[in-house]
Amino acid sequence: MSSKFLRSLTLAIAAITSTAAAPALAGNFGYGNLVVEQLTGTSANATPINILEYTKSGSSVQTISFPSSGANQQTDSASASSNGYINTYNGYLSVPGQNLAAGTASAQSSNTKVNSILDTSGTVVTRTLFPTSGTMPYTTNNYRSSIATSGSTFYAAGTGNSNTGGIWYNDGTSFIQVSATGSGLVNNMRNVEIYNNQLYFSSSSGAFLGVSSLGTGLPTTAGQSATLQIDLGTNGSPYGFVMFDTNADNVLDRAYVADDRTTALNGGINRFDFSSGAWSRTSALRFDTTSGLLTSGTSGANVVSIRGLAGTYDSLTSTASLFATTTEASNNRLISFLDSGSLSTSTAFSTLASAGTNQVFRGVDIAPVPEPSALALAGLGVAAAGWGVWRRRVNGRIVKI
């Protein structure tokens, strides 16, 4: 019996998956809106998690607050800048965290990982506890990001050794370490994403300094090899990234990568374009909070970078709309900016929201909405009820789950 089979069997027995109660007051996520994770503290202790919904212009829509104690508690370490990267896909929002009461010390290294999946109504449909003994994902280390493929299945990314780090897949019953292990392979990963039905991740480890693909498509079995696709170069420090097919030929040809360095020329927002079979960097700029412009500067308290990143692409106007969370240790920003051809030092950015005193934003993504087939079925009802009613605005409301 192989060691990989035994490991999967052990984790299948140890993992506990439960369906959590719906948020009593949650409203449907609005089409085209943003969701951003807010941690209500800045220490290494377990910190309460909020999911904030904003319009793309920065208007507050709703706040979904995870319980910070009790049976459905979910918190995270606010001082671990690599933690808290939420992702949406296939109509679901996936939120990584810790099954710890707020205030518990050394949250990031605790073996109490948990993941929650929310649907388009803001309901937590699945709460999955990671195993707490034996060989398990991210033992005494950081659980950083996740992305759901259904209401009960998801990929997780984090760091550990060859037996515990990398990308894991939960199939609704068990955990499978899908990334290959061994010498020279990457075990330290940050953000996990899916584009064009392919699994990607960012990393700042070993030979994988950038954005890499894992296996082919959406792998669910062990031993998948990673391939570096977008190389950020020496000391690259990528976090969030978005990729687009700008000409609808089913080939990704534009990518934006958040690099959190402020004092390196390749820190900040990196744009890459795909041509002749290779990705090439076409810009790398940071953010000047005094002027509100992108900057080529690499010094000064006013120069910040970004970690969380999300975006959309409009093929009619050839414009990418980008949304990011900045790198200040406290009261950082949710910002937006446009790329209508090229990024430059004349490109302006807008602050949509600030995290708040002694609070911090982490991951950001586009709010999950029903798949196109569901929208088509609901078309007559939407037309009758009115677009504004279907979106059901709930400005400023605090939602407990």
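**Note on a predicted single-chain model**

1. Residues 24 or more positions apart account for 56% of the contacts in the chain with a separation of 6 or more. Please keep in mind throughout that this is a predicted model. The chain has 29 strands and four helices, and 55% of its 401 residues count as buried.

2. It is a general tendency of soluble globular proteins that nonpolar side chains are buried together. Here the largest nonpolar core holds 30 residues, and those that touch the most other members are Met 243, Tyr 256, Ile 269 and Phe 287. Several strands supply at least two residues each to this core, including strand 18 (238-244), strand 19 (254-259), strand 20 (268-275) and strand 21 (278-288), and also strand 24 (306-314), strand 25 (319-326) and strand 26 (333-339). Another core, of 16 residues, lies apart from this one, and among its members are Ile 167, Val 178, Leu 199 and Phe 208.

3. Which residues does Phe 287 contact, once its neighbours within four places in sequence are left aside? The partners of Phe 287 include Ile 269, Leu 293, Leu 294, Val 303, Val 304 and Ile 306, together with Ile 335, Phe 337 and Phe 349. Thr 295, Asn 302 and Ser 305 are also in contact with Phe 287.

4. Rolling a probe the size of a water molecule over the atoms shows where empty space is left. In this model the largest pocket contains about 920 Å³ of space, and of the 32 residues that line it, Thr 88, Tyr 195, Gly 311, Thr 312 and Ile 366 are the closest to its centre. The lining divides into 19 nonpolar, eight polar and five charged residues.

5. Which strand gives the most to the lining of the largest pocket? Strand 24 does, with five residues, and this strand also supplies at least two residues of the largest nonpolar core. Other elements that supply at least two residues of the pocket lining include strand 6 (87-89), strand 14 (192-195), strand 28 (360-366) and helix 2 (372-377).

6. Strand 8 (residues 113-118) deserves a separate look, since the student can follow its residues one by one. In a regular strand the side chains alternate between the two faces of the sheet. Lys 113, Asn 115 and Ile 117 point one way from strand 8, whereas Val 114, Ser 116 and Leu 118 point the other way, and all are buried.

7. What pairs with strand 8? Strand 7 (residues 92-98) pairs with strand 8 in the antiparallel sense over six bridges, with Ser 94 standing opposite Ile 117. Strand 9 (residues 124-129) is also antiparallel to strand 8 and is joined to it by five bridges, with Leu 118 opposite Val 124. The hairpin of strand 8 and strand 9 has five residues between the strands, and in it Gly 122 takes a positive phi near 80°.

8. Most residues other than glycine have a negative phi, and most peptide bonds are trans. Two residues of this chain may therefore be checked with some care. Ser 106 is not a glycine, yet has a positive phi of about 55°; this residue is found in the loop between strand 7 and strand 8, and at 44% relative accessibility it counts as partly exposed. Thr 140, likewise not a glycine, has a positive phi of about 50°; Thr 140 is found in the loop between strand 9 and strand 10 (143-148), and is partly exposed, with a relative accessible area of 48%.

Notes. Residues are numbered from 1 along each chain as its sequence is written. This is a predicted model: local features need pLDDT of at least 70, side-chain atom pairs count only at pLDDT 80 or more; totals for chains, interfaces and linings use all residues. Side-chain values use heavy atoms; hydrogens and water are left out. A nonpolar core is a set of buried Ala, Val, Leu, Ile, Met, Phe, Trp, Tyr and Cys residues joined through side-chain atoms within 4.5 Å. Buried means under 20% relative accessible area, exposed over 50%, partly exposed in between (1.4 Å probe, protein chains only). Contact means heavy atoms within 4.5 Å. On a 1 Å grid over the protein atoms alone, a cavity is a set of points where a 1.4 Å probe fits but cannot get out, and a pocket is an open set with protein on both sides within 12 Å along at least five of seven lines; lining residues have an atom within 4 Å of a point. Grid points are joined across faces, edges and corners, and a volume is the space filled by probe spheres set on the points. Ala, Val, Leu, Ile, Met, Phe, Trp, Tyr, Cys and Pro count as nonpolar, Asp, Glu, Lys and Arg as charged, and the others, Gly among them, as polar. Two strands pair if DSSP finds at least two bridges between them.
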